[in-house]
Structure formats: C-alpha cells, structure tokens
Amino acid sequence: MKTLKAISTLVVLIVLSVSYSCSHKLHQQQPYSAQVTFLNKDEVGTITVNSKGFGKNENAAIVTAQTNAFNVILFKGIPGTDLNVPLIENETDAKAKNIEYFNKFFDQGYYQSFLMSSTLSENSIKSKDGVYSSIDLKINYNSLRKDLEQNNIIRKFGF
Amino acid sequence: MKMKYYILALLLLQTSIINSVFGQKDTTKSSVKVITVQPKIMVIPYTKEGEDLRTVLENDENKRIAITKIKEAFDSRGFTTVDFVAKLKAAKDNNVFTSDNQTDIKSQIIQMSGADVYVQAEVIVEKGQSGNSVKLILTAYEASTGNSLSNKVGESGKFYTDDFNKLASKAVESCVEDFLNVMQTKFTDIVNNGKSVIVDISFDANSQYKMSSEIGPDKLPLSDQIEMWMEKNSFKNNYHIQGTTDLKMIFDDVRIPLKDQATGNNYNPNKFALELYKFFKGLGLEPHKDVKSSTIYITIK
C-alpha cells in the first residue's frame, strides 16, 4: 500500500515535470491563413487590412482573424504595400529563438498593443462547425517594429 | 525506502526546473557587447549632365523636400545619415574642389564624405491637363563596389494642384518604407555573408616578379598561391576573380566578415589588407598596401 502510494506520487511528479517543461513550447503551432488584404494607408507607420478568421464562436473567429493579420505582417509581408518585405525574415528561426515573446504576443494578446482599431467589415457567418468573421484592422506597424527591435527579435536598421 | 522515493521525486522536480531555466535562449549575456560599426549613408540629389551638384539643391525646392523626407525616413528608423549640404559646405570651405568638371565635383564630394552608401534621389515633375504629379526614382548603392542595395520608383498620383512640394512629399511617402525594408534585407545579407571588398594586386614597374613567378616554399605560381590564400581567408569561401594577367590580379568581390571570427571585434578592409600583407611578406615579397574605402590595392615591389 505504501509502495503503491509512493509510486503514484512519483508518477504524478513525473507528469507535472514533463508538462511544465513542455509548457514553454510555442502554442500556436497551427498554420495561419493568408487571407489578409490591404485596404489603405492613412498616417505614416500604419496600415489598414482586412483579415478573415474562423472559430467556435464570433469572439474566437475575431481573435483568429487578428492573429492571422499579425502573422502575415510579421512573417509573410503584404505585396504592393509598405510591408511588401515582412518585418521578420526567418519565421522558423525567430519563433524557435523567441518562444516566450511569441507566446506573450499571440497567446496572451500582446498584439493588441499595436491594434489601433478592429471592426467587423460584414456580419459574421455562422455554420454548424463554427463562425466565420471578416474584420478591418488598423495596425501601428511602426510601433510593432520598434518593439521587435527592443526585444532583439530583429536588428535595428543597419548592420 | 520511503526516503529514497522522496529523494528521487525531489531530483525529478529539480531537473524539470533546471530544464526550463537553461532550456530558454540566454538573451542576457553578461559579456561586454561590441557595438557593430554602422555604414555611413548619404542622401544625394541626382544630377543630369551639366548640372552642378553644388547648386542643384539651391535651385529646386522639390529636390530639397524629397531629400529631407528621405532623411526623415532614416531618422524614424533610428539611423543617422551624413548630411550632404553640410559636407558640401565643408568641401567648399576647405577648397576641396580642384576642377569645375561636374563628374569630378561629384567624385570629390563622394570621396571626402567618407560615406559607404549613397542614396540617390531623382525628382521628376510632370504637368498635364489631367493633373500634375511627381515621380521619384530612389537608388541606393555601395560607393566602393557599386553593389545595388535598393531601387524604388515612387509616385504621388495625379492631382489638380500646383503644390509640387506636397506632391514631392507624397511621392517619397509612397515608396520610402519599402525602399528601406529592401535595404535592410541587403544589410542582413552582409551581416550573414560578409561585406564586399575589392582586391587589386599588381607589381611595381621595377619588380622582378610576375603572376606566373614560382615563389615560396612550394614553388607554385604566385597567382595560384594568392587564390589559395583567398579561398581560405575570404568569409565563407566567397570571392570572385574579375581577371588575371601576368601583371595584375583583380578580385572584384571578396567577402569579409563584419566581426573578427576569433575575437568578436569589428572587422574592416584595413584588417583584411593587413592579413594579405602578412601573407605576401611570408612569401618573401615586398608588398605595399593602400586601402581606399573598400578597395585594397597591393603593389608588389
């Protein structure tokens, strides 16, 4: 009985230690959508885009659309705009070396610090699997770039 | 027995804590950080045949606005450019200009500025019945090698206005961000793959040696020994030979690292030239080295 209790405690501790180590891996492993289109550019250093997202409910769909937009701006670029070249050149490398930052950015909603506005461009479409939303986002990419530089995710302009 | 299990459990917990602490990238190294030497960038106006670089800005406010807006874009990235007008004034004050030939004046300004990169802005004003517009051609290149760093064409769009200053401003805003982003990707290439230098090796008029001379302990032709050295000492084995004759050997693109690979300190063409100089001395030759910006001239006596 005592041996069984000790073994159970051990197993629980092993499970806890493994899950604690794994918790530092990047959560957002799912591929993101490239359905992000340029709308307009108002002030210098900002960009307005339309992004689409799918989720279990409208809130989840909106969050997906927002994170899609940031993923595209950070790692893919938007052709024909000031962000034709993405802010971060190597996505795999950057995400692997800066796990905490990107966890904070996407999972903990830090990206919202750079979101100047977010409005539904049309009514969300509900289906049996979930909700599909389309939102217009105004993003302060100048401030985003500075934040990436300050956190050593990217180099400042120059060498 | 009970004690053993508790000790084992404690060890496991400790291991996972250690994993999480040391498994992360250490971004806060305690060693002294070397500040990488930045390129000097100067924004200059484009001049046509016969236009005087010294006075072209005085006569055209659209060009002045375009140049200022471009410099403002560099400032917003936290980068300080070399001021063209200030350098021009310094050149005049020091009587640098030795001729009135426009090509010479431009070369003299470029040489005395010490800039590594030039951003040339050409402003084109277009007037028409369907509206007026300003186009901007922006080019950036490395002064010493001519390597292109970025090229963009900006357009203001057509408006029924005579405010060409505003149109010039719009033309810059339409392309300068992307222009700088492309420049940054080229800088990243330089950081990762090395900076380009040119190496020009020739002989003094009275020298007894030629590129085909068999010298050194291996008695191999000098040109082959030079190439073997370049193979080992260029960064990531990246070099290109423009041409070799019996009297000259030119490497028009040799990559050198921005940082010394052994010490982590800043590295530059002067240091590379010194290594090359030592190589020639090691072969028993008498070299003379001269470094102008990113071009290394070695003359063997």
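**Figure 1. Strands E8 and E9 of chain B pair in the antiparallel sense.** This close-up comes from a predicted model. Strand E8 (residues 239-244) of chain B is joined to E9(B) by 5 bridges. Between E8(B) and E9(B) lie 3 residues, and the two strands form a hairpin. One facing pair is B:His240 and B:Asp253, the latter in E9(B). In a regular strand, side chains alternate between the two faces of the sheet.

**Figure 2. B:Met249 sits in strand E9 of chain B.** The strand spans residues 248-256. B:Met249 has a relative accessibility of 1% and therefore counts as buried. The cut-off for that label is under 20% relative accessible area. Contacts of B:Met249, leaving out residues up to four places away in sequence, include B:Val199, B:Asp200 and B:Ile201. B:Met211, B:Ser223, B:Ile226 and B:Glu227 are also among them. B:Ile241, B:Gly243 and B:Thr244 are touched as well. B:Ser202 is 47 residues away from B:Met249 in sequence. In space, the C-alpha atoms of B:Met249 and B:Ser202 are 6.5 Å apart.

**Figure 3. The second largest pocket is lined by residues that include B:Ala115 and B:Lys195.** Its space comes to about 700 Å³. The lining counts 32 residues. Closest to the pocket centre are B:Ala115, B:Asp116, B:Lys195, B:Ser293 and B:Ser294. Several elements of chain B give two or more residues to this lining. The helices are H5 (102-113) and H6 (164-193). The strands are E2 (117-126), E3 (133-142) and E11 (295-300). H5(B) supplies the largest share of the lining, with 3 residues. Rolling a probe the size of a water molecule over the atoms shows where empty space is left.

**Figure 4. Chain A combines 5 helices with 5 strands.** From the N terminus on, the order of elements is α-β-β-α-α-α-β-β-β-α. The chain has 159 residues, of which 45% count as buried. Consider the contacts in chain A with a separation of 6 or more. Residues 24 or more positions apart account for 63% of these.

**Figure 5. Strand E5 of chain A pairs with E2(A), with E3(A) and with E4(A).** E5(A) covers residues 131-140 and is mostly covered, with 7 of its 10 residues buried. Strand E2 (residues 46-55) of chain A runs antiparallel to E5(A) over 10 bridges. In that pairing, A:Phe54 stands opposite A:Tyr132. Strand E3 (residues 115-120) of chain A is also antiparallel to E5(A), through 5 bridges. Here A:Thr119 faces A:Asp136 of E5(A). Strand E4 (residues 125-126) of chain A adds an antiparallel pairing with 2 bridges. A:Ile125 has A:Tyr132 as its bridge partner in E5(A). A hairpin of 4 residues links E4(A) to E5(A).

**Figure 6. A:Phe70 and A:Phe105 form an edge-to-face aromatic pair.** Over all chains, a search of the whole structure finds 22 aromatic pairs. A pair of aromatic rings is described by the distance of the centres and the angle of the planes. For A:Phe70 and A:Phe105, the centres are 5.6 Å apart and the planes lie at 75°. A:Phe70 belongs to helix H2 (residues 58-76) of chain A, and A:Phe105 to helix H4 (residues 99-107) of chain A, so the pair ties together parts that are 35 residues apart in sequence. A:Phe70 is buried, at 0% relative accessibility. A:Phe105 is buried too, at 1%.

**Figure 7. A:Tyr101 and A:Phe102 also pair edge-to-face.** Their ring centres are 5.4 Å apart. The planes stand at 90°, so the pair is edge-to-face, given that angles over 60 degrees earn that label. A:Tyr101 has a relative accessible area of 8% and is buried. A:Phe102 is at 0% relative accessibility and counts as buried.

**Figure 8. An aromatic cluster in chain A takes in A:Phe70 and A:Tyr110.** A:Phe75, A:Tyr101, A:Phe102 and A:Phe105 are also among its members. A:Phe106, A:Tyr111 and A:Phe114 belong to the cluster as well. A:Lys104 lies over the face of A:Tyr110. The distance to the ring centre is 4.2 Å.

Terms used:
Residues are numbered from 1 along each chain as its sequence is written. Chains are lettered from A and ligands numbered from 1 in the order in which they are written. This is a predicted model: local features need pLDDT of at least 70, side-chain atom pairs count only at pLDDT 80 or more; totals for chains, interfaces and linings use all residues. Side-chain values use heavy atoms; hydrogens and water are left out. Rings of Phe, Tyr and Trp (its six-membered ring) pair if their centres lie within 6.5 Å; planes under 30 degrees apart count as stacked, over 60 as edge-to-face and the rest as tilted. Buried means under 20% relative accessible area, exposed over 50%, partly exposed in between (1.4 Å probe, protein chains only). A charge sits over a ring if NZ of Lys or CZ of Arg is within 6 Å of the ring centre and within 35 degrees of the ring normal. Contact means heavy atoms within 4.5 Å. Two strands pair if DSSP finds at least two bridges between them. On a 1 Å grid over the protein atoms alone, a cavity is a set of points where a 1.4 Å probe fits but cannot get out, and a pocket is an open set with protein on both sides within 12 Å along at least five of seven lines; lining residues have an atom within 4 Å of a point. Grid points are joined across faces, edges and corners, and a volume is the space filled by probe spheres set on the points.
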